[in-house]
Amino acid sequence: MLAVLVVALIVAFVLRRRKPAAPTQPQLWPAPVQLDRADFVRPAAPWLVAVFTSATCEGCARVTAKAEVLAGDEVAYEAVPFQERRDLHERYGVEAAPTTVIADADGVVQKSFVGDVSATDLWAALASLREGTGPEP
């Protein structure tokens, strides 16, 4: 009896491991991939961290608090509230708030986050880009 139970458990374990991974889901709200740096503060800065926000967004204040500390000589930071800069939200197709983008000097978005992002993930992404190790997968 014990042998049958052990075999059943092994079979269940093997079958469970063979279960295919769930298919990836398309991103519901894509982030911009290119920005015109002239649309944002300090276009000459090597990096831009922009957070597209909305007054009706519960998580936007948390994300802007995490992002604004990244501002410095090499990094321009700007919050882009929908109610004040609707033109930029429409121009870049931003449909979800918060949407955070990290763009290089040419305006190429190297990393983006839609929704809440941890300070660790945001800060590490910028550090990785600034060190030249490239965008994270």
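Two strands are said to pair when DSSP finds at least two bridges between them. With that term in hand, good morning, and thank you for coming. The structure I am presenting today is a predicted model. I shall begin with the sheet, continue with the helices, and end with the charged pairs.

First, the sheet. As general background, the strands of a sheet pair through backbone hydrogen bonds, in either a parallel or an antiparallel manner. In this model, 4 strands form an open sheet, and their order is β2-β1-β3-β4, with mixed pairing. The edges are occupied by β2 and β4, each of which has a single partner strand, so one side of each has no neighbour in the sheet. From one strand to the next, the twist averages 15 degrees.

Let us now look at strand β3, residues 99–103. Which strands does β3 pair with? On one side, strand β1, residues 47–53, pairs with β3 in the antiparallel sense, over 5 bridges. Within this pairing, V49 stands opposite I102, and A50 stands opposite V101. The other partner is strand β4, residues 109–114, again antiparallel to β3 and again over 5 bridges. Here T100 stands opposite F113 of β4.

Between β3 and β4 the chain makes a hairpin, with 5 residues between the strands. One residue of this hairpin, G107, takes a positive phi near 85 degrees.

Is β3 mostly covered or mostly open? It is mostly covered, since 5 of its 5 residues are buried. This holds for both faces of the strand: T99, V101 and A103 are buried on one side, and T100 and I102 are buried on the other.

I turn next to the helices, starting with α2, residues 60–68. How does α2 lie relative to the sheet? The helix lies across β1, β2 and β3, and it runs at about 170 degrees to β1. Helix α4 also packs on the sheet, where it touches β1, β2, β3 and β4, and its direction makes about 175 degrees with that of β4.

Which residues of α2 are buried? They are C60, V63, T64, K66 and A67. These residues are on the same side of α2, because they cover an arc of only 160 degrees around its axis. A general rule is helpful here: an α-helix has 3.6 residues a turn, so residues three or four places apart point the same way. The buried residues of α2 pack against β1, β2, which spans residues 75–81, β3 and α4.

A neighbouring topic is G115, which is placed in the loop between β4 and α4, residues 119–130. Leaving aside residues up to four places away in sequence, G115 touches V63 and P98. The C-alpha atoms of G115 and C60 are separated by 8.3 Å, although these residues are 55 places apart along the chain.

Finally, the charged pairs. Side chains of opposite charge can pair when their charged atoms come close. How many salt bridges are found in the whole structure? The search finds 6. I shall describe some of them.

In one salt bridge, R91 joins D36, with the closest N and O atoms 3.7 Å apart. This pair links distant parts of the chain, for R91 is in helix α3, residues 86–91, whereas D36 is in the loop between α1, residues 2–17, and β1, 55 residues apart. D36 is partly exposed, with a relative accessible area of 33%.

R91 also forms a salt bridge with D39, and in this case the closest N and O atoms are 2.7 Å apart. D39 lies in the loop between α1 and β1, and R91 in helix α3, so the pair ties together parts 52 residues apart in sequence. D39 counts as buried because its relative accessibility is 18%, and buried means under 20%.

A further salt bridge is that of D116 with K66, whose closest N and O atoms are 3.1 Å apart. This pair, too, links distant parts of the chain: D116 is in the loop between β4 and α4, K66 is in helix α2, and they are 50 residues apart. At 44% relative accessibility, D116 counts as partly exposed, whereas K66, at 18%, counts as buried.

Which residues are joined into one network? Salt bridges that share partners join D36, D39 and R91. That concludes my presentation, and I thank you for your attention.

Key. Residues numbered from 1 in each chain as written. Predicted model: local features only at pLDDT ≥ 70, side-chain atom pairs only at ≥ 80, totals over all residues. Heavy atoms only, no water. Buried < 20%, exposed > 50% of the residue type's maximum accessible area, 1.4 Å probe, protein only. Helix = DSSP H or I, 4+ residues; strand = E, 2+ residues; numbered from the N terminus. Contact = heavy atoms within 4.5 Å. Arc of directions from axis to C-beta. Salt bridge = Lys/Arg side-chain N within 4 Å of Asp/Glu carboxyl O. Axes fitted to C-alpha atoms, helices over the stretch in contact; angles between N-to-C directions.
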